[in-house]
Structure formats: C-alpha cells, structure tokens
Amino acid sequence: MGDTLEFNEIYQEVKGSMNDGRLRLSRQGVIFKNSKTGKVDNIQASELAEGVWRRVALGHGLKLVTKNGHVYKYDGFRESEFDKLSDFFKSHYRLELAEKDLCVKGWNWGTVRFGGQLLSFDIGEQPVFEIPLSNVSQCTTGKNEVTLEFHQNDDAEVSLMEVRFYVPPTQEDGVDPVEAFAQNVLSKADVIQATGDAICIFRELQCLTPRGRYDIRIYPTFLHLHGKTFDYKIPYTTVLRLFLLPHKDQRQMFFVISLDPPIKQGQTRYHFLILLFSKDEDISLTLNMNEEEVEKRFEGRLTKNMSGSLYEMVSRVMKALVNRKITVPGNFQGHSGAQCITCSYKASSGLLYPLERGFIYVHKPPVHIRFDEISFVNFARGTTTTRSFDFEIETKQGTQYTFSSIEREEYGKLFDFVNAKKLNIKNRGLKEGMKQSYDEYADSDEDQHDAYLERMKEEGKIREENANDSSDGSGEETDESFNPGEEDDDVAEEFDSNASASSSSGDGDSDRDEKKPAKKAKIIKDRKPRKKQLESKKGKDPNAPKRPMSAYMLWLNANREKIKSDHPGISITDLSKKAGEQWKAMSKEKKEEWDRKAEDARRDYEKAMKEYSVGSKSESSKAERSRKKKKKQEKQMKGKAEKKGATSKSSSLKSSAKSMSESFKSKEFVSSDESTSAESKKEDSEEEGGASPAPSTEESASGSD
C-alpha cells in the first residue's frame with residue numbers, strides 16, 4: 001500500500017453547498033483543495049479523532065471529526081473504495097473507519113445531541129440528520145420552541161432557511177430546556193454579535209467595491225463596515241486571500257480582500273472588498289487591549305501602539321486577525337516600469353497584475369484567476385487599432401476572460417512572463433513568426449524591434465495608396481466591388497451578340513431587334529467610363545492633383561526637423577508621439593493659423609480637381625465618338641458590299657432575258673418591254689431593301705449624323 005491516496009471529483013459540504021475538488025490522504029494528514037476558490041483545508045493526522053463511512057445522496061461519504069470538534073464531510077466516493085480507505089486509516093492514522101447508516105424511518109421525534117460544532121438529531125442509535133452549527137445565522141426561542149435560521153446559499157437553487165424544534169417542558173434541576181438548547185446552539189453558531197468594544201477603528205476609508213466611504217471597526221471575530229447607507233459584517237472565516245497592490249501612478253495602493261461567501265446587498269454580490277489608500281497618508285494606531293492581551297493573542301505580530309502609513313497599518317492588522325499571507329506582485333515589470341498593465345475588461349478600464357500564482361484585475365469588476373485553473377492563454381490582434389492587442393484567458397471550466405486595449409509595448413514583457421510560468425499559449429507559433437519579422441523589418445533607430453509597429457507602417461502605406469487612388473478618380477462611384485477582367489469580357493460578348501443579331505434578323509423580329517441594340521448600347525455607355533477609370537487607376541496619372549494635407553500634417557512637416565534637433569536620435573514612433581503631445585498642448589489661436597492653411601490647400605485642390613476632371617471627360621468622350629464612328633463605317637462598308645453583289649447578279653439575268661426578247665418582238669413591244677423591265681428593276685430593288693433592313697437602317701443613321 002502506498003503512502004498517499006488521491007481522489008478526484010470529491011465534494012465537500014460547506015455551509016450547505018457542495019464544493020467539488022481533489023482529496024489527498026497522506027501520512028501527514030488529509031488535504032482537500034477546492035476547485036472553485038482554490039482554498040486548501042489541511043487536517044493534521046494527529047488531530048483526527050473519528051472517521052465515519054456512510055451512504056449519502058451522491059454515493060458514499062466520509063465524515064471526519066477532529067479533537068477540537070470540527071467536522072469535515074466529503075462525498076462522492078464509490079462503494080468499492082471502502083476497503084482501501086479503511087486499511088489506510090488503520091495503518092497510518094490508527095483509526096477504525098466505522099460504518100454508520102442514516103435512519104430513514106421518517107420519524108420526527110427523537111433526541112438532539114450536541115457534539116463539537118455539530119447538532120445531530122438521532123432516533124435510537126442512528127442519526128436522522130446533522131446540522132453544522134456554523135451554518136446557523138440566528139437562534140430565537142419561544143414557548144417550548146427553538147427556531148434556527150441559516151445563512152443563505154447563493155450556489156443552490158433551493159436553500160433551507162429555518163428549522164423549528166419543539167422542546168417538551170421539564171423541571172429537572174430547575175433549568176429551562178429551551179434556554180439550554182439555545183445556549184448550546186449560540187455557543188457554536190456563526191452569529192455575528194458586536195459584544196464588547198472594537199479592537200481598533202479606521203475612519204472614512206475610501207472603498208471602491210462596495211463604493212463609498214466606510215468606517216471599519218475591527219472586532220476579534222469579524223470586521224464591521226459602517227457607511228452612510230449600508231452596513232456590512234464580514235466574519236474572518238469568509239476571507240480567502242489578501243492582496244496589496246501598488247497603483248500604476250506609484251502614489252496609491254490597493255488593498256483587496258477576497259471573500260467566500262460574498263457579502264450581499266439585495267441581489268448584488270461583492271466577492272471582493274477593495275480599499276484605495278494614498279501612500280502619503282499616515283496614522284498612529286492604539287489597540288483597545290492591554291499589552292499582555294496583545295502579546296498573548298497576536299504573538300508579536302502586533303503591538304499596542306503602532307504608527308506608519310495607513311495602508312500598512314490596515315494590512316498588518318488584517319493579516320494578524322485573519323491569519324493569512326498578503327499577496328503582492330512578483331518580479332513582473334511592464335514596459336513603463338510598473339508592476340501592472342493598463343487594459344480594459346467589459347468596457348471598463350483597469351489594471352491587470354501578473355502575480356506569482358495568478359492574475360488579478362482591479363477594479364470593475366474585480367477578477368482573480370489562478371494559474372492552476374487556466375486552460376490556455378491567447379494573444380489576439382486588437383480589433384480596432386494596431387497599436388494594441390488583446391490578452392485572452394480561458395479556464396478549464398470554459399470561462400473566457402478578454403483583457404483588451406493593451407499597449408503593444410507590453411507584448412514582449414507579458415509573453416516572457418507567461419512563458420516563464422509555463423502556461424499553455426494557444427498561438428505559440430505567432431511568437432516565432434514575430435521574431436522573424438523583427439529581423440526582417442529591423443529599424444536602425446531602435447535596438448528593440450516591434451512587429452506590431454512594422455505591420456502598422458505597412459497598413460498605413462496601403463491606406464495612403466488607397467486614399468491617393470480615390471483622389472485620382474473623376475468623381476464617379478468607385479466603392480462598387482467587381483472584377484475588371486470579367487466585366488470587360490461581358491461587355492465584349494454583349495456587343496458582339498447585338499451586332500450579329502442586327503445583321504441576321506428577319507422582318508418579323510424587326511421591332512424587338514430595334515429595342516435590343518438601344519438597351520445594350522445604354523449598358524455599354526454606363527460601364528465604359530468605369531473601365532476607363534480602372535485603367536487610370538492601374539497606371540496613375542502623374543498630372544492628377546494630389547490630395548491636400550490636414551492642418552496637423554502641415555504643422556508636422558514644418559516642425560519635423562526642429563523636433564529631431566531637440567531630441568537627437570529619436571525614433572519614428574517616439575517622434576510621432578512627441579509631435580502629437582505638442583499639437584495637443586498647442587493653443588487654439590496657433591492651431592487656427594494651420595487650419596486656415598489647410599482650408600486654402602483644400603480649395604486649391606478642389607479647383608484643380610474640377611479642371612482635371614473636365615479635361616479627362618472631354619478626352620474620354622472624344623475617344624468614344626471616334627470609336628463609334630469607326631464601327632459604323634465598318635458596318636456601312638459591309639452593307640454596301642452585300643448590296644453590290646446582289647445587284648450585279650440580278651442585272652446579268654435581266655440582260656440575257658432582254659437579248660432573247662429582242663430577236664422576235666416588234667418595235668411597239670420593245671418600248672413596252674423597256675417599261676416593264678424598269679418596273680421589275682424597281683421591284684427588285686425593293687426586295688433587296690427588305691432582305692437586309694439592318695444595313696439600310698445604319699446607312700440612314702449615318703446619313704443623319
């Protein structure tokens with residue numbers, strides 16, 4: 001048998017709620033780690049007094065009772081694990097793991113037994129139910145009746161709020177059984193009663209959550225927040241962790257108290273109590289205890305008279321009373337030298353602190369994420385700008401946290417920190433790609449290369465080119481997406497089909513054919529200038545006017561050399577930042593001068609664009625007319641050639657017929673034959689005109705032009 005036993009998916013019953021976690025049994029004792037809060041319960045082997053194995057709703061459970069009366073319940077075991085646990089308890093803890101089943105008779109009359117911090121309602125030798133007295137929030141008495149009220153459980157859909165016990169009257173020893181019952185409950189219950197004076201009071205402290213100014217009164221077992229509107233009583237047993245975090249401005253300090261269960265105000269739950277202190281504020285503190293009591297209770301951690309910074313005194317007193325360590329930022333240092341990173345979470349700006357064992361974000365809403373509950377992290381590109389990036393964290397439970405708007409200068413520091421903590425990085429391949437881009441886009445002015453900066457420059461060039469392209473256009477619509485090559489092919493096919501249809505159509509389709517060429521010609525007229533514009537965009541016209549610069553750019557061009565001389569060796573990005581700061585700090589009167597210059601440049605640009613667009617339109621229209629004229633001439637020549645061939649053929653037939661008739665006809669018949677041949681000639685010409693209507697139409701059209 002090994003020295004340790006480990007069980008996953010074990011549930012611990014605490015204040016009526018079942019918290020899942022991991023249970024480990026070793027020679028030294030029993031350790032349970034809560035998966036939700038990360039809280040660790042450590043029971044030394046020497047403190048164990050009793051172990052009970054019994055059947056419960058989630059399978060089988062283990063109840064451990066310590067020598068000082070504390071009870072720990074763990075559920076979720078399988079029946080087959082009893083033998084393994086029983087042997088382990090015998091060999092390592094010298095305890096018999098007893099089997100006790102609950103009574104399920106359904107009786108409501110029995111005996112109440114108080115054992116440590118547990119109230120057990122028994123029928124005979126079997127317990128029916130047990131109530132941890134730490135769950136009791138209030139105990140009231142009546143005639144032969146005791147009512148127990150319980151703390152509300154936020155994690156459960158249905159909570160038990162109260163239980164009433166009927167106590168029969170007895171006159172033994174002159175003791176009232178109802179009062180005796182209530183005293184036994186109150187001695188172990190988690191009832192907050194401000195008995196006696198406070199150890200010390202801190203007045204008018206600034207609290208961020210819950211928001212307001214509160215007087216904090218320190219009592220031996222709880223602290224009392226007294227504000228103008230609300231009061232909160234916080235038992236020290238609900239405090240999970242303490243954090244002391246320096247503000248980025250180095251003038252203020254955050255003191256964060258993590259609570260489980262949280263304090264409640266209506267439907268609002270506050271899992272964190274955040275106090276904000278100024279480093280310059282000092283205080284002299286005197287504890288409301290004599291020196292012997294202070295020494296006996298706090299063992300040198302506190303003294304009766306203390307003085308120093310206010311945040312130091314509050315954190316020192318809380319550490320001594322709660323008996324928990326104070327977590328401070330580790331060795332992380334950001335780009336600006338601070339131990340935190342400015343970012344946004346859920347549309348609110350705040351500070352993200354990388355700690356030795358997790359991350360904490362303050363302050364709205366406060367978030368604490370432990371490393372052991374993180375599944376992976378991800379570095380994502382900023383959605384609105386290239387000057388920042390997003391830091392995403394996904395936990396093993398599937399919850400995702402996105403901290404956005406982080407300055408790109410913090411990327412290297414944060415990545416190195418995450419990598420050193422051996423967290424799983426979802427897009428680890430992105431780091432190698434960025435290293436390559438550092439070498440490829442090396443900046444001679446800076447020792448440290450930034451891939452985000454180079455990418456931003458490239459995108460700036462693309463935007464500038466697009467802006468220049470839009471200014472080169474003739475004012476027509478350019479935001480329509482289409483494929484120039486495909487459109488050119490479509491236009492050519494439509495034109496060819498119209499030409500063939502017009503040359504081969506018959507008399508019956510003459511009306512339809514006359515409408516179709518007009519419709520197609522309109523499409524060609526609308527699309528052709530757009531094709532012309534695309535050709536001009538492919539090869540930029542050097543004569544096209546350039547877009548005017550803004551007032552800021554005019555000022556920057558005039559003062560760029562001055563800024564470089566005032567700051568020798570300044571980089572491009574730092575120069576842009578410095579120029580932006582100077583422009584922002586410039587007075588309104590000085591800015592108006594550059595605004596006027598920018599307005600004059602804009603007017604000159606508009607005037608030049610009008611002249612340029614008129615010239616380009618006239619040239620395009622001239623080329624279009626010449627192209628149409630050439631096309632019509634080709635059609636006209638084709639029609640004439642067809643007409644000439646038909647006429648020569650008919651004339652040769654007529655001449656042969658005429659020669660045959662002249663051999664036997666008299667004079668009078670010759671004249672009549674000539675008139676007849678003239679009429680037939682006229683009819684033939686009419687037939688030829690009806691056989692090819694399209695060329696005749698084109699001829700008339702060209703003649704009218």
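What share of the 705 residues in the protein is buried?

## Overview

Buried residues make up 35% of the protein. The model is predicted. It holds 14 helices and 31 strands. The accessible surface comes to about 43,000 Å², and carbon and sulfur atoms account for 48% of that surface.

Contacts can also be sorted by separation along the chain. Among those between residues at least 6 apart in sequence, 49% join residues at least 24 apart.

## A three-strand sheet and its helix

One open sheet has three strands in the order β12-β13-β14, with antiparallel pairing. Its edge strands are β12 (136–142) and β14 (162–166), each of which pairs on one side only. On average, neighbouring strands of this sheet are turned by 15° against each other, direction ignored.

Six bridges connect β12 with β13 (residues 145–150) in the antiparallel sense. Within this pairing, Thr 141 has Val 146 of β13 as its bridge partner. Helix α2 (residues 177–188) lies across β12, β13 and β14 and runs at about 170° to β12.

## Strand β15 and its partners

Strand β15 covers residues 200–209 and pairs with β16, residues 212–218, through six bridges in the antiparallel sense. These two strands form a hairpin with two residues between them. Leu 205 stands opposite Tyr 214 of β16.

β15 also pairs with β21 (residues 268–278); three bridges join these two strands, which run antiparallel. Here Gln 206 has Leu 276 in β21 as its bridge partner.

## Helix α4

Helix α4 spans residues 310–322, and its end C-alpha atoms are 18 Å apart. This agrees with the 18 Å expected for 13 residues at 1.5 Å a residue. Asn 323 follows α4 and has a positive phi, near 65°.

Is α4 largely enclosed or largely open? Of its 13 residues, 10 are buried, so the helix is largely enclosed by the rest of the structure. Among the buried residues are Leu 310, Tyr 311, Met 313, Val 314, Val 317 and Met 318. The list also includes Ser 315, Ala 320, Leu 321 and Val 322.

## Nonpolar cores

In soluble globular proteins, nonpolar side chains tend to be buried together. The largest nonpolar core in this model has 40 residues. Those with the most contacts inside this core are Phe 202, Ile 218, Phe 255, Val 314, Val 317 and Met 318. Helix α4 gives the most to this core, with nine residues. A second, separate core has 26 residues, including Cys 343, Val 367, Phe 371 and Phe 379.

Leaving aside residues up to four places away in sequence, Phe 202 touches several residues of α4: Leu 310, Met 313, Val 314 and Val 317 are among its contacts. Others on the list include Tyr 214, Asp 215, Ile 216, Ile 218, Ile 283 and Leu 285.

## Around Phe 254

Phe 254 sits in strand β20, residues 252–265. Its relative accessibility is 5%, and because buried means under 20%, Phe 254 counts as buried.

Which residues does Phe 254 touch, not counting those up to four places away in sequence? They include Phe 243, Leu 244, Leu 245 and His 247, along with Leu 208. Ile 274, Leu 275 and Leu 276 are also among the contacts of Phe 254, as are Leu 351, Tyr 353 and Val 362. Leu 275 is 21 residues from Phe 254 in sequence, while their C-alpha atoms are 5.8 Å apart in space.

How values were computed:
Residues numbered from 1 in each chain as written. Predicted model: local features only at pLDDT ≥ 70, side-chain atom pairs only at ≥ 80, totals over all residues. Heavy atoms only, no water. Pairing = 2+ DSSP bridges. Helix = DSSP H or I, 4+ residues; strand = E, 2+ residues; numbered from the N terminus. Expected span 1.5 Å × (residues − 1). Buried < 20%, exposed > 50% of the residue type's maximum accessible area, 1.4 Å probe, protein only. Contact = heavy atoms within 4.5 Å. Areas by Shrake-Rupley, 256 points an atom, 1.4 Å probe, with all protein chains shown as cover. Axes fitted to C-alpha atoms, helices over the stretch in contact; angles between N-to-C directions. Core = buried A, V, L, I, M, F, W, Y, C linked by side-chain atoms within 4.5 Å.
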